[in-house]
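This report covers one pocket, the enclosed cavities and one sheet of the model shown below.

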Amino acid sequence: MSPAAHLLDTPHHDGSLRYLSQPHPRMGETVDLYVRVPHAASVTSLHVRTTHDAEPKFTAGVVDRHTASDTWWRVPLVVHNPVAHYRFLLQGGELGYQWLNGTGMHERDVPDAADFRITTYDPPPAWSDDAVVYQIFPDRFARSASADARPTPDWAEPVSWDTPVAGRGRRTGRQLYGGDLEGIAEHLDHIETLGATVVYLTPVFPSRSNHRYDATTFDRVDPILGGDEALTKLAAAVHARGMRILGDFTTNHTGAGHEWFRAAQADPAAPERDYYFFDGDRYVAWLDVKSLPKLNYDSAELIRRVFDDPQGVVRKWLTGPDGLDGWRIDVANMTGRYGAQDRYHDVARRMREAATTARPDALLVAEHCHDTSRDALGDGWHGVMNYAGFTRPLWTWLRHREYAPDFLGLPVIVPRLGGRAVMETMREFAAQMPWVTLTHSFNQVGSHDTTRVRTLVGDDAGQVDVAAGMLLTMPSIPMITYGDEIGMLGEFGEDGRRPMPWDAAPGRGGRGGTDPAAPGGEPPATTPGGEPPLWDERLHTVYRDLIAMRRASPALHAGGLRWVYADDDVLVYLREHPQQTALVHLARLPHDPVRLPAAALDGIESGCAAYGPGLVVDGDEIVLSAGGPHVGVWTWSPRAQ
């Protein structure tokens with residue numbers, strides 16, 4: 001297939017409701033699988049190949065129905081193991097036979113790594129199915145008047161809200177801007193009107209840094225943030241709006257000032273000594289950062305303290321009507337792993353059991369920055385932070401030609417690639433996990449650990465629209481880091497942790513808004529003074545509109561993913577749901593028109609524009625074009641079949 005060929009003539013299956021009769025089966029149940037086969041593929045027979053107890057087994061499919069453009073095949077799959085792996089064998093056409101797996105069609109034998117997967121584990125909480133997450137770094141989001149009366153800890157350097165962030169060096173973790181939980185509660189209107197449904201807080205436990213990933217205890221909330229009462233009040237306020245709230249827990253390590261570690265250092269006979277890896281006075285630290293000693297899950301007592309104790313960290317903060325609704329797990333990929341030790345899966349399952357015991361509808365999402373194929377089957381964490389399968393490929397497509405960031409420790413800069421490479425990367429990583437895990441993972445354009453998207457795209461602010469468009473139209477749970485919705489800047493993680501510029505918001509008298517001279521509503525790259533606005537209200541509106549569109553569309557928040565077209569500067573895909581289909585067109589630059597056969601798009605002639613311009617129809621073809629950075633979304637109800 002040439003880079004410019006559309007994929008509508010290619011057979012398709014995914015794990016969504018359009019292609020499965022039951023996405024959450026129990027062992028022993030039969031699931032009907034459906035494959036859409038375009039007539040042009042000339043398929044004469046279809047089998048599913050599954051692996052019962054690791055032995056291949058083939059089951060023949062039957063034709064379920066015909067449409068003007070496709071034949072739908074149906075084949076039963078008995079779910080014999082907790083994770084059912086399967087792929088399809090299609091016979092016919094010029095090649096004789098081909099395999100269909102999670103990465104598409106193959107005319108040769110392929111390994112099982114990209115097979116489709118159905119799991120029998122309990123599904124994620126229903127409230128997360130259409131969630132939109134808003135990430136907050138508590139010290140930098142909002143400061144209440146109550147913060148003025150709180151004493152400054154000895155490790156901190158208090159600074160005013162408009163002080164530049166020390167992105168590198170000794171002061172980086174010490175600058176204390178004084179943001180607190182009461183300040184967050186005072187600005188929930190902003191989060192709610194944006195359309196987010198979940199507030200995710202980076203750590204709130206006492207520590208000796210502003211990031212708080214070096215906790216000194218898990219038993220209480222940092223007094224600088226307002227203490228336990230402030231977290232309870234914030235959770236109550238979030239819940240009163242019909243929203244949810246997530247915490248952040250470091251399962252991999254504590255701070256060197258943690259009460260457990262101090263006890264371990266003080267007395268080699270203390271039970272806490274076994275919580276860590278000691279060799280005499282030497283201890284193992286996360287990535288050799290001595291302030292972050294690594295936890296040792298060979299210790300049964302540590303497991304009890306963390307997971308089994310009702311007053312332990314996992315259960316305590318999820319308990320009660322105003323408890324947290326789940327956890328994001330920091331450095332999850334390294335947890336329980338050191339040398340020959342690998343208790344990762346045990347830890348993930350124990351945390352799942354502990355969390356759902358305290359709160360049956362708790363959500364667990366794990367930090368993971370690379371290949372998740374070994375670690376994300378859905379029996380532990382419900383999902384992962386999808387850096388490898390979403391963030392990094394998006395960066396390679398949209399980063400500015402003259403700006404080349406590094407990415408979470410990569411020793412080389414992120415390349416700029418074409419849309420086909422982006423599509424293939426996303427397909428390959430998505431195929432490594434069950435559909436239910438993929439769709440309950442976090443997609444993020446960036447986070448508190450990375451370059452800000454507004455800096456990533458440089459002076460072409462319209463590319464932020466494209467990034468937001470992809471974030472809010474792809475499968476998985478979209479996560480927005482505070483300030484991205486108004487165009488905040490940051491060259492890397494710490495530099496991006498700037499205070500939210502509330503005084504620049506429209507109506508507050510600060511430097512915000514958009515360039516009134518910008519023609520035709522085009523996004524301004526800078527203000528007349530030469531710098532990007534502190535508060536880009538045009539971009540804020542883009543985010544609000546895209547979030548509203550996603551939440552209102554069953555196809556966008558619950559549909560499958562069918563790639564349609566990929567070339568250097570353009571990506572096109574379908575989101576399919578039994579109630580609705582959505583066609584998404586993203587462009588980073590102007591491109592030649594993309595022409596798609598309307599007959600293959602299942603009723604699109606009655607489609608409406610959910611975002612962007614109206615549909616262009618030329619005879620029996622749909623024509624997609626762009627004169628620059630562009631987001632277009634059209635939705636319609638599929639024909640009854």
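## Second largest pocket

The model is predicted. Its second largest pocket holds about 1000 Å³ of space. The lining consists of 40 residues, and those closest to the pocket centre are Trp-286, Leu-408, Asp-449, Glu-494 and Arg-497.

By residue class, the lining of this second largest pocket splits into 15 nonpolar, 14 polar and eleven charged residues.

## Cavities

Cavities of 30 Å³ or more number seven. The largest cavity has a volume of about 60 Å³.

Residues that line the largest cavity include His-24, the stretch members Thr-119, Tyr-121, Asp-122, Pro-123 and Pro-124, and, further along the sequence, Arg-352, Gly-378, His-382, Val-436 and Thr-437. Of the residues in this lining, four are nonpolar, five are polar and two are charged.

## Three-stranded sheet

An open sheet is built from three strands in the order β1-β5-β4, with antiparallel pairing. Its edges are β1, residues 30-38, and β4, residues 62-66, each of which has a pairing partner on one side only. On average, neighbouring strands in this sheet are turned by 30° against each other, with direction ignored.

Strands within a sheet pair through backbone hydrogen bonds, in either a parallel or an antiparallel manner. Between β1 and β5, the latter spanning residues 70-78, there are nine bridges, and the two strands run antiparallel. Within this part of the model, Asp-32 lies opposite Pro-76 of β5.

Terms used:
Residues numbered from 1 in each chain as written. Predicted model: local features only at pLDDT ≥ 70, side-chain atom pairs only at ≥ 80, totals over all residues. Heavy atoms only, no water. Pairing = 2+ DSSP bridges. Helix = DSSP H or I, 4+ residues; strand = E, 2+ residues; numbered from the N terminus. Axes fitted to C-alpha atoms, helices over the stretch in contact; angles between N-to-C directions. 1 Å grid on protein atoms, 1.4 Å probe; cavity = no way out; pocket = protein on both sides within 12 Å on 5 of 7 lines; lining within 4 Å. Points joined across faces, edges and corners; volume = space filled by probe spheres on them. Nonpolar A, V, L, I, M, F, W, Y, C, P; charged D, E, K, R; others polar.
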